[in-house]
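Biologist: Got a minute to go through this structure with me? I'd like to start with the open spaces, then the closed ones.

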Amino acid sequence: MLSAALADDKIVKIGSLSDQTSLNADAGGPGSLLAAQMAVEDSGLTKQGWSIDVTSGDHQNKPDVGVGIARKWFDIDKVDAIVDGQHSGVALAVAVVAKEKNGIFLNSGAATSDLTGKACTPNTVHWTYDTYALANSTGKALVKAGGDTWFFLTADYAFGHALQRDTTAVIEANGGKVIDSVNAPVNTPDFSSFLLKAQSSKAKIVGLANAGGDTSNSIKQAHEFGIVAGGQKLAALLLFITDVNALGLDVAQGLEFSETFYWDMNDGTRAFSKRFSERMKNHAMPTMVQAGVYASVIHYLKALDALGGNPHDGAKVVAKMKEMPTDDPLFGKGMIRTDGRAIHPVFLFEVKTPAESKYPWDYYKLVATIPAEEAFRPLAQSECPLVKK
């Protein structure tokens, strides 16, 4: 029997923790805040008497800053759930705080698969993508197409190292090998020395294990160095539609990469994306991070509604989210596993040529669909302590 106190408690506070101003701001940032607000509006709960507040914070891509914001939100501002994340170092640290405070962390921006592996908690759900899924889709496809020697240009923090680790495992499992790698500082303006080393390695694939502005800059500079023209192929292991838009099709055409959301996939994705774009200052289409914020908040609010009120008990709400199948217009039907991994298909895309693009933001063509049950790390291989072996 639901207590009267819970039935009366329909107050919810959500914090969008993201990079608001730096190299990853276009992929998350203000767009993640908007996506969370749209999810609240579309949930219909405010019309049923719920009070739902959404705020945002800038972690500046620094774990200590992210942790400081998370602690303040949970302790002082009484935030119930933190969404986005958008930096693996920040996300791993925030997941610890969320468990300690029995809050909720709905990550859609940070990539490290450790969030549903050795660092999993009963309070974290990982939406959208992770380093295992990126490696398992893009990496496997390129090796099977003949790209059996790799050189990694890797962002020197938790995300980059996890992405290189997971992709290396896929490359080697499929008969390829990694010749060499370099670690590049985050937000470096000059990739020339790294790219010259990649060029001299003669590796068939230059794997870019970086994100946001670093990915765009390394692709632009690789284009200037004639790396692709010289016969090597770039593998953008994490690419967002905002990166393609910034690069332009002349530079980005032919890139193969994986995403879990594309605005122009079907009627549901198009309807949401057009509403989103109209409200964005730069009229950008949503990235998969922002789509993941929307989907995770929609499901979170469905769980609260099913509970009949807000228990302000993160582990209890996340357990309810895992009980309920996921279903939203952006990712379709899915589920959340014991380890906190949200399961949905992953798509392998190729960037269109300028001649193939027929209207604004018409950038992708679908190469392959990896079914949900194949895309993410099998539970049997999980190091998550929540998973009973």
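Modeller: This is a predicted model. Its largest pocket holds about 210 Å³ of space.

Biologist: Which residues are closest to the centre of that pocket?

Modeller: Pro30, Gly31, Met280, Lys281 and Asn282. They belong to a lining of 16 residues.

Biologist: And which helix gives the most to the lining?

Modeller: Helix α2, residues 29-43. It supplies 5 residues.

Biologist: How does the pocket lining divide by class?

Modeller: There are 6 nonpolar, 7 polar and 3 charged residues.

Biologist: Now the closed spaces. How many cavities of 30 Å³ or more are there?

Modeller: The structure has 3. About 100 Å³ of space lies in the largest cavity.

Biologist: What lines the largest cavity?

Modeller: The lining has 15 residues. Nearest the centre are Gln86, Gly109, Tyr129, Ala211 and Leu238. By class, 10 of the lining residues are nonpolar and 5 are polar, with no charged ones.

Biologist: What about the second largest cavity?

Modeller: That one has about 60 Å³ of space. Its lining includes Leu23, His87, Phe159, Ala211 and Asp214. The class count is 6 nonpolar, 4 polar and 1 charged.

Biologist: Phe159 lines that cavity. Where does Phe159 sit, and is it buried or exposed?

Modeller: Phe159 is in helix α6, and it is buried. Other buried residues of α6 include Gly160, Leu163, Thr167 and Ile171.

Biologist: What covers them?

Modeller: The cover includes helices α4 (88-100) and α5 (131-144). Strands β6 (149-155), β7 (177-184) and β8 (205-209) are part of it too.

Biologist: How does the span of α6 compare with what it should be?

Modeller: It agrees. Helix α6 has 16 residues, 158-173, so at 1.5 Å a residue it should span 22 Å. Its end C-alpha atoms are 23 Å apart.

Biologist: What follows α6?

Modeller: Gly175 does. Its phi is positive, near 90 degrees.

Biologist: Last topic, the nonpolar cores. How many residues are in the largest one?

Modeller: That core has 98 residues. Ile14, Trp150, Val297 and Tyr300 have the most contacts inside it. Helix α12, residues 288-307, gives the largest share of this core, 13 residues.

Biologist: What lies apart from that core?

Modeller: Another core, of 17 residues. Val67, Ala70, Trp73 and Ala110 are among them.

Key: Residues numbered from 1 in each chain as written. Predicted model: local features only at pLDDT ≥ 70, side-chain atom pairs only at ≥ 80, totals over all residues. Heavy atoms only, no water. Helix = DSSP H or I, 4+ residues; strand = E, 2+ residues; numbered from the N terminus. Expected span 1.5 Å × (residues − 1). Buried < 20%, exposed > 50% of the residue type's maximum accessible area, 1.4 Å probe, protein only. Contact = heavy atoms within 4.5 Å. 1 Å grid on protein atoms, 1.4 Å probe; cavity = no way out; pocket = protein on both sides within 12 Å on 5 of 7 lines; lining within 4 Å. Points joined across faces, edges and corners; volume = space filled by probe spheres on them. Nonpolar A, V, L, I, M, F, W, Y, C, P; charged D, E, K, R; others polar. Core = buried A, V, L, I, M, F, W, Y, C linked by side-chain atoms within 4.5 Å.
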